[in-house]
Amino acid sequence: MTAKTVLGFDFGTKSIGIAIGQQLTGSASPLTSIKAVDGIPDWQQIAALIEEWQPDLVVVGLPLNMDGTEQEMTQKARKFANRIAGRFGVKVATQDERLTTADAKARLFELGGFKALTKGQIDAVSAVLIIESYFENQY
């Protein structure tokens with residue numbers, strides 16, 4: 001198996017968390033989060049990240065209701081995923097992201113207490129969890 005580089009996105013209407021992962025190690029690291037206006041990011045920033053990391057795959061978190069049904073945000077995240085595929089010609093997958101924000105808060109709190117909990121960091125760590133759960137589902 002070749003080592004795949006995966007760029008993960010935790011889509012939100014105001015902020016989009018981004019992480020980078022390696023399939024070989026099954027791990028990911030938070031990169032950054034970018035501002036969005038009504039779910040529309042600065043596509044230049046995303047282009048720069050794709051250019052820099054050259055991902056083999058992009059994984060976008062899919063926010064579902066706890067019972068697995070779709071909601072308005074699910075459609076917006078799917079549209080965002082389709083735009084990345086269309087704009088940059090990269091392979092895109094979606095990943096159920098239920099509970100990632102709660103997990104991200106718990107993980108950050110363990111690492112640094114309340115002062116670690118900035119919105120941008122939560123979004124970036126959520127993107128890490130999206131990549132890691134994607135990897136876990138591959139095996």
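## Starting with a definition

A residue counts as buried when its relative accessible area is under 20%, as exposed when it is over 50%, and as partly exposed in between, using a 1.4 Å probe and protein chains only. Take Ser15, which sits in strand β2: its relative accessibility is 11%, so Ser15 counts as buried.

What you're looking at is a predicted model, where local features need pLDDT of at least 70, side-chain atom pairs count only at pLDDT 80 or more, and totals for chains, interfaces and linings use all residues. Residues are numbered from 1 along each chain as its sequence is written, and side-chain values use heavy atoms, with hydrogens and water left out.

## The chain as a whole

The protein chain holds four helices and six strands. Both kinds of element are DSSP runs numbered from the N terminus: helices are H or I with at least four residues, strands are E with at least two. Walking along from the N terminus, you meet them in the order β-β-β-β-α-β-α-β-α-α.

Of the chain's 139 residues, 45% are buried. The accessible surface comes to about 7,500 Å², and carbon and sulfur atoms account for 52% of that; such areas come from the Shrake-Rupley method with a 1.4 Å probe, and for residues only the protein chains shown count as cover. As for contacts (heavy atoms within 4.5 Å), take those between residues at least 6 apart in sequence: 61% of them join residues at least 24 apart.

## The sheet

Strands of a sheet pair through backbone hydrogen bonds, either parallel or antiparallel. Here six strands form an open sheet in the order β4-β3-β2-β1-β5-β6, with mixed pairing. Two strands are said to pair if DSSP finds at least two bridges between them. At the edges are β4 (40-41) and β6 (92-96), each of which pairs on one side only. Helix α2 (residues 72-88) packs on the sheet and touches β1, β2, β4, β5 (57-62) and β6. The direction of α2 makes about 170° with that of β5, where axes are lines fitted to C-alpha atoms (for helices, over the stretch in contact) and angles run from 0 to 180 degrees between N-to-C directions.

Now for some of the pairings. Strand β1 (residues 5-10) runs antiparallel to β2 (residues 15-22), with six bridges between them; Phe9 has Ile18 in β2 as its bridge partner. With β5, β1 pairs in the parallel sense over four bridges, and Val6 stands opposite Leu57 there. Strand β5 is also parallel to β6, joined by five bridges, with Leu62 opposite Asp96 in β6.

How many residues of β5 are buried? Six of the six are, so the strand is largely enclosed by the rest of the structure. Leu57, Val59 and Gly61 cover one side, and Val58, Val60 and Leu62 the other, all of them buried.

## The nonpolar cores

In soluble globular proteins, nonpolar side chains tend to be buried together. A nonpolar core here is a set of buried Ala, Val, Leu, Ile, Met, Phe, Trp, Tyr and Cys residues joined through side-chain atoms within 4.5 Å. The largest such core has 20 residues, and those touching the most other members are Leu7, Phe9, Ile16, Val60, Phe80 and Ile84. Two or more residues come from each of β1, β2, β3 (27-37), α1 (43-53), β5 and α2.

Phe80 is a good place to zoom in. Setting aside neighbours within four places in sequence, Phe80 is in contact with Phe9, Phe11, Ile16, Pro41, Trp43, Ile46 and Val60. Apart from the largest core lies another, of 12 residues, including Ala19, Ala127, Val128 and Ile130.

## Asp123 and Ser15

Back to Ser15, with a partner from helix α4 (residues 119-136): that helix is where Asp123 is found. Asp123 is buried or exposed? With 3% relative accessibility, Asp123 counts as buried. The side chains of Asp123 and Ser15 make a polar contact at 2.6 Å. That term means a pair of N or O atoms within 3.5 Å; within protein, one must be able to donate a hydrogen and the other to accept it, and residues adjacent in sequence count only if both atoms are side-chain atoms.

Leaving out residues up to four places away in sequence, Asp123 touches Asp10, Ser15, Gly17, Ile18 and Ser33. Asp10 lies 113 residues from Asp123 along the chain, yet their C-alpha atoms are separated by 6.2 Å. Counted likewise, the contacts of Ser15 are Asp10, Ser33, Ile34, Ala36 and Asp123.
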